[in-house]
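Notebook open, model loaded. I want to go through the DNA contacts, the chain pairing and the charged pairs, in that order.

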2 protein chains.
Amino acid sequence: MESQDLKKAGLKATLPRLKILDILEHSRQRHLSAEDVYKALLEGGEDVGLATVYRVLTQFEAAGLVRRHHFDEGHSVFELELGEHHDHILCVKCGRVDEFYDETIEDRQQAIASKAGYSMTDHSLYIYGICPACQKRA
Amino acid sequence: MESQDLKKAGLKATLPRLKILDILEHSRQRHLSAEDVYKALLEGGEDVGLATVYRVLTQFEAAGLVRRHHFDEGHSVFELELGEHHDHILCVKCGRVDEFYDETIEDRQQAIASKAGYSMTDHSLYIYGICPACQKRA
DNA sequence: CATGCGAATGCGAATACTTCTCATTATCCT
DNA sequence: AGGATAATGAGAAGTATTCGCATTCGCATG
């Protein structure tokens, strides 16, 4: 029963929110755009408006349930927040997304921010390249 | 005479292109949005359309004259390409932008891409935080 | 378990940013 | 200078996202 999760986050357990959470949890891809979520809802026979999808995803982000990314595509993508931080490496040919975590980079970032006098609140690191499959295909 | 620079880049030396290049070179801020450039043109008494600004900036990017960034603001910002690669650290309060370069991070990124089997083409790293001035102000 | 209040939703209109279309104009080669 | 060709300006069109508001739903209460 996920409605507990929502209540814990200070959100009413409404049908749209439960459905969207479900899609984020059980979708093939971990990274979904608002449009992706909307289409998944329609395919599931749900009658949810696109505006609600945007609203709910934004609320989920504020509540720390999902993370919003800006890949170089012109729209936001959302990913369930599972606690473990990671960065992304993306294929510029096929759009494949992989994840990684590197302690050294994390440490250096913190050091750079400190040296510049900043108190670091967040960071985003995307590596772009051509994935193994697309290299073979070329 | 900068028209040589444009010709070298394979672009005709038109008035809008010269003016935009000039703005990018002499603006207070290194990082400008299309709208910023457009406003600067109008203030300079130039009669250039916003569509042209977008077109020219995109061409400049393709020609390697400028670099396009996607800070978490929903629009693109452009910066003159001066050869030396660097990453950015941004203040989430006042929008200040600083630059840095870290050899260790650059190397690690390359290593991570290789390990994942990717051939790296590019990367973007933004550190978000609160700048010294905004920390004092709080 | 019926009921009411406030919060959440769906819809379409509105906004922000960017690109496209096309008639007009400017650039550059000769 | 003249003409082929590419570039421009203006506004329409296209995406991505948010807003406004009447209606509906969740949930604490009786």
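My entries on this structure follow.

**Ground rules**

I am working from a predicted model, where local features need pLDDT of at least 70 and side-chain atom pairs count only at pLDDT 80 or more, while totals for chains, interfaces and linings use all residues. Residues are numbered from 1 along each chain as its sequence is written, chains are lettered from A and ligands numbered from 1 in the order in which they are written, and side-chain values use heavy atoms, with hydrogens and water left out.

**Entry 1: DNA strand C**

I looked up which residues are near DNA strand C, near meaning that a heavy atom of the residue lies within 4 Å of the strand. I got 23 residues, and the closest are A:T14, A:D47, A:T52, A:R55 and B:Y54. By class they split into 9 nonpolar, 7 polar and 7 charged. For the classes, Ala, Val, Leu, Ile, Met, Phe, Trp, Tyr, Cys and Pro count as nonpolar, Asp, Glu, Lys and Arg as charged, and the others, Gly among them, as polar.

Which part of strand C faces the protein? Sugar or phosphate accounts for 71% of the strand C atoms within 4 Å of the protein, and bases for the rest. I did find a base contact: a polar side-chain atom of A:R55 sits 2.7 Å from a base nitrogen of strand C. On the phosphate side, I noted backbone N or O atoms of B:A13 at 3.0 Å and of B:S76 at 2.8 Å from a phosphate oxygen.

Next I checked the elements; helices (H or I, at least four residues) and strands (E, at least two) are DSSP runs, numbered from the N terminus. At least two residues each come from α2 (15–26) and α4 (50–62) of chain A and from α4 (50–62) of chain B.

**Entry 2: DNA strand D**

I repeated the search for DNA strand D. This time 21 residues surround the strand, the closest being A:Y54, B:T14, B:D47, B:T52 and B:R55. They comprise 8 nonpolar, 7 polar and 6 charged residues. Of the strand D atoms within 4 Å of the protein, 73% are sugar or phosphate, and the rest belong to bases.

I wrote down three phosphate contacts here. A backbone N or O atom of A:A13 is 3.1 Å from a phosphate oxygen, and a side-chain N or O atom of A:Y54 is 2.7 Å from one. From the other chain, a polar side-chain atom of B:R17 lies 3.0 Å from a phosphate oxygen of strand D. Two or more residues come from α4 of chain A and from α2 and α4 of chain B. The largest share, 4 residues, is from α4(A).

**Entry 3: chain B against chain A**

I counted contacts, meaning heavy atoms within 4.5 Å. In chain B, 34 residues contact 34 residues of chain A. The buried area, which is the accessible area (1.4 Å probe) the two parts lose on being put together, summed over both, is about 2,800 Å², with carbon and sulfur atoms giving 63%.

How many salt bridges run between chain B and chain A? I count 2, taking a salt bridge as a side-chain nitrogen of Lys or Arg within 4 Å of a carboxyl oxygen of Asp or Glu. B:D102 makes one with A:R108, the closest N and O atoms being 2.4 Å apart. On the chain B side, β6(B) gives the most, with 12 residues. The residues on that side are 18 nonpolar, 10 polar and 6 charged.

**Entry 4: charged pairs within a chain**

Over all chains I get 16 salt bridges. One joins the side chains of A:R30 and A:E79, 2.9 Å from N to O. These partners are 49 residues apart: A:R30 is in the loop between α2 and β1 (32–33), A:E79 in strand β3 (residues 77–80). Buried or exposed? I use under 20% relative accessible area for buried, over 50% for exposed, and partly exposed in between (1.4 Å probe, protein chains only). A:E79 is buried at 2%, whereas A:R30 is partly exposed at 34%.

A:R68 pairs with A:E61 at 3.0 Å; A:R68 is partly exposed at 24%, and A:E61 is partly exposed at 32%.

**Entry 5: B:H31**

I found B:H31 in the loop between α2 (15–26) and β1 (32–33) of chain B. B:H31 counts as buried because its relative accessibility is 10%. Its neighbours in contact include B:D36, B:H69, B:F71 and B:E99.

Key
Polar contact = N/O pair within 3.5 Å; in protein donor to acceptor, adjacent residues only side chain to side chain. Lists of a residue's contacts leave out its neighbours within four places in sequence.
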